[in-house]
Amino acid sequence: MFENLSEKFQGVLKGLRGHGRITEGNIEGALNEVRLALLEADVNYKVVKEFVAAVKEKALGAEVLLSLSPDQQFVKIVHAEMTRMMGAQAQELNLARRPPVPVMLVGLQGSGKTTTCGKLALHLRKGKRTPFLVPADVYRPAAVEQLKVLAGQIEVPVFDTRPGADPVAICRDAIAQADRSGYDSVLLDTAGRLHIDAQMMEELARIKAAVDPGDILLVADAMTGQDAVNVARAFHEKLGLTGVVLTKMDGDARGGAALSIRAVTGAPVMFVGVGEKLDALETFHPDRMASRILGMGDLLTFVEKAQEQVDEKQARELSRKLRRNEFTLEDFRDQLLRLRKMGSMEEILGMIPGLGGKMKELKGMAPDEAELKRVVAIIDSMTAKERRNAKLLNGSRRKRIAGGSGTTVQDVNRLMKNFQQAEEMIRRMSKGGMRGMGRNFPFPQ
Amino acid sequence: MTGPNATSRGAFFTRLKAGLAKTRELLFMNVEAIARGIGPVDEKVLTDLEEALILSDAGAELAAEYAETLRAVWRRGELPDVDALRARLRKMVAETLATRMVPLVVVPPYPFVVLVVGVNGAGKTTTIGKMAGWLRLSGHTVLLAAADTFRAAAIEQLGVWAERAGADIVKHKEGADSSAVAFDAVRAAKARGTHVVLVDTAGRLHTKSHLMEEVRKVVRVVGKEIPGAPHEVLLVLDATNGRNAIAQARTFQEFTGVTGMALTKLDGTAKGGVVLSVTREIGAPIRFVGVGEKPEDLRPFDAESFAEALF
Ligand SMILES: Nc1nc2c(ncn2[C@@H]2O[C@H](COP(=O)(O)OP(=O)(O)OP(=O)(O)O)[C@@H](O)[C@H]2O)c(=O)[nH]1
Ligand SMILES: [Mg+2]
């Protein structure tokens, strides 16, 4: 439904673009689109409400940035807020204590605990640690066997769980064995259970009390829906989660549950599972997750590039020059070069939100690569004086410049006309501030 | 044969209700007015109802649609109180899903082949175990095909269920070709005169086209051996899943031609409201719901109970 979220956003963002700044009146449409997008991404209803309120407050209170148009600024605020909520930094396991350090994996049935256990063992071993695997799911048929097979594949030692044994005793015995054998970390694969199954939740509490784990990780499926908050809250209240592993991220689920779980527990997402193979485990990047949930990755890339190339200081300097009528051919050339740095013309046009079909039309208006080179060559062939004062450029000077840059006088004339148009357009824009400059400048529309 | 335990609807309903009551304790269900079922209907109540629908994973769009319809009914003065509103919504949902209440009927010519597909961890193997149980109880002979040759110990897992149910099993080694397993199983069933073959496949994310091609091949190979087979392609959906279930249904439909669905893990607090969207996407009926891990925890889908548990 929201496959093409960016496109949906672009429609509402256009409404923002026409305005000088973000206001209560023009932001509602965009906020509602964010709300719908997040709900469709499985972020919990309540969490969405809080999030949208926070974005609104930030957007209305935000300082006006000259380098970004209001729509770009809105995208940036939404993304920044989501990244902030996801947790600032990637976090590692809490293993800095007397070994062996137990790590408990808990979660609903089918969330991916056993596979994640194997992945974490491999991850720890790559970090020069000596993990020990413990199958503590004695309920699901062949669950013990499953972990033993995985252990064999990566050649990590595994506790020989006996069928029908008590999970608390299994974990306690396994840790004693790890201690004797000198393993420094112990991964406890507990059975999947429902968060409302009081007896089974109590079993986890007893395991925790028996082994004093360094970490208790909730393993959650990226496809989880609205119920994620109920699950996370129940596990957190019973056990005090220290981290989350988000599995099955190699699919196309947006993974909004990550935000819900984080909001409810405050526990950081530490890892994401991205495949069935045991090396398919990655550390978590809050900013990437934010883009994924929002489904506006390409928009963000554009905003970032735009901001990188037109930094706030330069924008203010330019604005000052314009007010004093000091916009020169040098500035014109600098702007052109800056745009070039953002990528090829086509690439830039492709990134502009909402362009899509209009691309062809616009391509005709903007200089192509060859023309851009020509323009820069012409300006480079001028003297510093000429560049600063275009009025000096009479017929003979133009002829000289054409010769020096390997172009024709017509080329020079066309450039001068473009420059005047740009100057005019910028002057008009600068009356209402300079919003939009980062994108269209210096090409007249 | 109409399905397992059709008479124990009462017990099933109680169980769903118990799950729901627990959800309410878990703070995030803030739909008190609706839960109490008293008082007059107002805008706040309608918003709460929309919220409840969204919280069931029905999606914002569909929730707004239902709320809009009910608002119109309310304006006409047909909804005197919250109870009436709730009853009306349940009726709407139940009516929408009533057409999807088609039980799986196992009929000759035997073997009747059921291919079970779905994403990782959805509950395929467990559902097969439970199905084998009720088929055996109703006098059918059953053969399980261990065509999940990928996941560690998947074959052993299915073996345990075969033993529990008193079903045969056909298996190869881990890593073998899954369509070869299915082929052998169908052949064996033909030779032995077995009534039903249940083919367990490896969990796969619908986005992985090579894995989707693999399961498409299983369909083809089985169909070559027995014209008309598989007689049922059963898509297993996890009720805990949110909106992604729509994409799952769409893609499995495209690759395997889904003819029925099973909705598992309804014994938790997840409501499975996404099926309201899924049934707009694909035409297959919902054959079963899973309400636990025991052999008896498989029920025929009942639109009214489902709608009732939703709110
Ligand atoms: N509570 C509950 N658990 C279920 C239900 N159905 C399956 N499960 C559990 O969910 C987990 C995964 O089930 P499986 O049957 O192994 O799922 P699968 O789809 O075969 O998984 P893969 O083959 O690994 O893709 C197991 O722990 C099952 O016991 C259900 O209706 N309710
Ligand atoms: Mg399975």
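In the predicted model, the association of chain A with chain B involves 34 residues of chain A, which are in contact with 36 residues of chain B. On the side of chain A that touches chain B, the elements contributing two or more residues are α2 (24–40), α3 (45–61), α6 and α9 (228–239) of chain A. When the residues of this side of chain A are sorted by class, 14 are nonpolar, 10 are polar and 10 are charged.

Chain A itself contains 21 helices and 7 strands. Of the 445 residues in chain A, 48% are buried, and among the contacts in chain A with a separation of 6 or more, 76% are accounted for by residues 24 or more positions apart.

Helix α6(A), one of the elements that give two or more residues to the side touching chain B, also packs within its own chain. Its axis and that of helix α5(A) come within 10 Å, with α5 spanning residues 113–126 and α6 spanning residues 143–154, and the two axes cross at roughly 25°. Because angles under 35 degrees count as roughly parallel, α5(A) and α6(A) are therefore described as roughly parallel to each other; the crossing in which α5(A) passes α6(A) is right-handed. The contact is formed by Thr114(A), Cys117(A), Gly118(A), Ala121(A) and Leu122(A) of α5(A), which meet Ala143(A), Gln146(A), Leu147(A), Leu150(A) and Ile154(A) of α6(A). By class, this contact of α5(A) with α6(A) comprises 7 nonpolar and 3 polar residues, with no charged residues.

In chain B, a second helix pair is formed by α9(B), residues 209–225, and α10(B), residues 244–256, whose axes lie 9 Å apart and which pack at an angle of about 45°. The helices α9(B) and α10(B) are therefore oblique to each other. Here Met212(B), Val215(B), Arg216(B) and Val219(B) in α9(B) meet Thr251(B), Phe255(B) and Thr256(B) in α10(B), and the contact of α9(B) with α10(B) has 4 nonpolar, 2 polar and 1 charged residues.

Helix α3(B), which covers residues 43–55 of chain B, has 13 residues, and the distance of 18 Å from its first C-alpha to its last is close to the 18 Å expected at 1.5 Å a residue. The buried residues of α3(B) are Val45(B), Leu49(B), Glu50(B), Ala52(B), Leu53(B), Ile54(B) and Leu55(B). Just after α3(B), a positive phi of about 80° is adopted by Asp57(B).

Methods: Residues numbered from 1 in each chain as written. Chains lettered and ligands numbered in written order. Predicted model: local features only at pLDDT ≥ 70, side-chain atom pairs only at ≥ 80, totals over all residues. Axes fitted to C-alpha atoms, helices over the stretch in contact; angles between N-to-C directions. Helix = DSSP H or I, 4+ residues; strand = E, 2+ residues; numbered from the N terminus. Parallel < 35°, antiparallel > 145°, perpendicular 65-115°, else oblique. Left-handed = near helix turned anticlockwise from the far one by under 90°. Contact = placed C-beta atoms within 7 Å. Nonpolar A, V, L, I, M, F, W, Y, C, P; charged D, E, K, R; others polar. Expected span 1.5 Å × (residues − 1). Buried ≥ 20, exposed ≤ 12 C-beta atoms within 10 Å, placed from the backbone.
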